Amino acid sequence: MMEPLEKRLEKAMAELRTAQESVARTERELREASFAVLSSDRAVRATVGPQGELSGIEFLENKYRDMSPQELAASVLEATSAARLKMNRHVMKAMAPFTEPSSDVPELKGFELDWERIFGPEVLLDDGEEAGRGAQPAPAWRDALGEDGES
């Protein structure tokens, strides 16, 4: 037997209120989120804010003094990219409940997001797949330079 329309509408409104509160709570949490990642050579720590913006950079243990400008740039880019990827995945995880259909109100389907289009394809790879690719590909400029940074 089908539920009366009033009862179904009441359930849908209650779920909508709950969803609105959850979205507001998630937005507050995401506004305060940040991630810091160390470069693989442990020379740089980059911190990104809630929108993936670079909010901090630390050069650790004076390692930068022995690095060429290209090596230092690569370390900064590597750490920054990895921190952004962590933030993007955090956003995906936080938003996941809103993309799923309602179990109580089948008419509320959730919303669809194209995470790959928003953040790029690497966000959909799991950490194992990423490690299998050698983590970060070497920057193209390194192909043109020798070990000492000379062409």
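**Exercise 1. Work out whether E58 is buried, partly exposed or exposed, then find its charged partner.**

Step 1. E58 has a relative accessible area of 37%, so it is partly exposed. Keep in mind that you're looking at a predicted model.

Step 2. Now for the partner: E58 pairs up with R45 in a salt bridge, and their closest N and O atoms are 3.2 Å apart. That fits the cut-off, which asks for a Lys or Arg side-chain nitrogen within 4 Å of an Asp or Glu carboxyl oxygen.

Step 3. Place both ends on the fold. R45 belongs to strand β2 and E58 to strand β3 (residues 54-59), so the bridge joins distant parts of the chain, 13 residues apart.

Step 4. Check the cover on R45: its relative accessibility is 29%, so R45 counts as partly exposed. As for the tally, the structure holds one salt bridge.

**Exercise 2. Stay in strand β2 and describe the setting of T47.**

Step 1. Strand β2 covers residues 44-48, and T47 sits in it.

Step 2. Its relative accessible area is 18%, and buried means under 20%, so T47 is buried.

Step 3. Who does the covering? Leaving out residues up to four places away in sequence, T47 touches S34, F35, A36, E53, L54, S55 and G56.

**Exercise 3. Sketch the overall fold, then its packing.**

Step 1. Count the elements: there are five helices and three strands.

Step 2. Put them in order along the sequence and you get α-β-β-β-α-α-α-α.

Step 3. Turn to burial: of the 151 residues, 26% are buried.

Step 4. Look at contacts with a separation of 6 or more: 53% of them come from residues 24 or more positions apart.

**Exercise 4. Tour the surface and pick out one nonpolar patch and one charged patch.**

Step 1. Start with the total: the protein exposes about 10,700 Å², with carbon and sulfur atoms supplying 53% of that.

Step 2. For the nonpolar patch, go to L9, M13 and L16, which together make about 270 Å². M13 is in helix α1 (residues 5-31). With a relative accessible area of 38%, M13 is partly exposed, so it clears the over 30% cut-off for patch members.

Step 3. For the charged patch, E112, D114, E116 and E122 gather negative charge on the surface. E112 sits in the loop between α2 (69-99) and α3 (115-119).

Step 4. How exposed is E112? Its relative accessibility is 80%, so E112 counts as exposed.

Technical notes: Residues are numbered from 1 along each chain as its sequence is written. This is a predicted model: local features need pLDDT of at least 70, side-chain atom pairs count only at pLDDT 80 or more; totals for chains, interfaces and linings use all residues. Side-chain values use heavy atoms; hydrogens and water are left out. Patches are made of residues with over 30% relative accessible area and no salt bridge: like charges are joined within 9 Å, nonpolar side chains (Val, Leu, Ile, Met, Phe, Trp, Tyr) within 5 Å. Accessible areas come from the Shrake-Rupley method with a 1.4 Å probe; for residues, only the protein chains shown count as cover. Lys and Arg count as positive and Asp and Glu as negative; His and the chain ends are not counted. The place of a charge is taken as NZ of Lys, CZ of Arg, CG of Asp or CD of Glu. Helices (H or I, at least four residues) and strands (E, at least two) are DSSP runs, numbered from the N terminus. Buried means under 20% relative accessible area, exposed over 50%, partly exposed in between (1.4 Å probe, protein chains only). Contact means heavy atoms within 4.5 Å.
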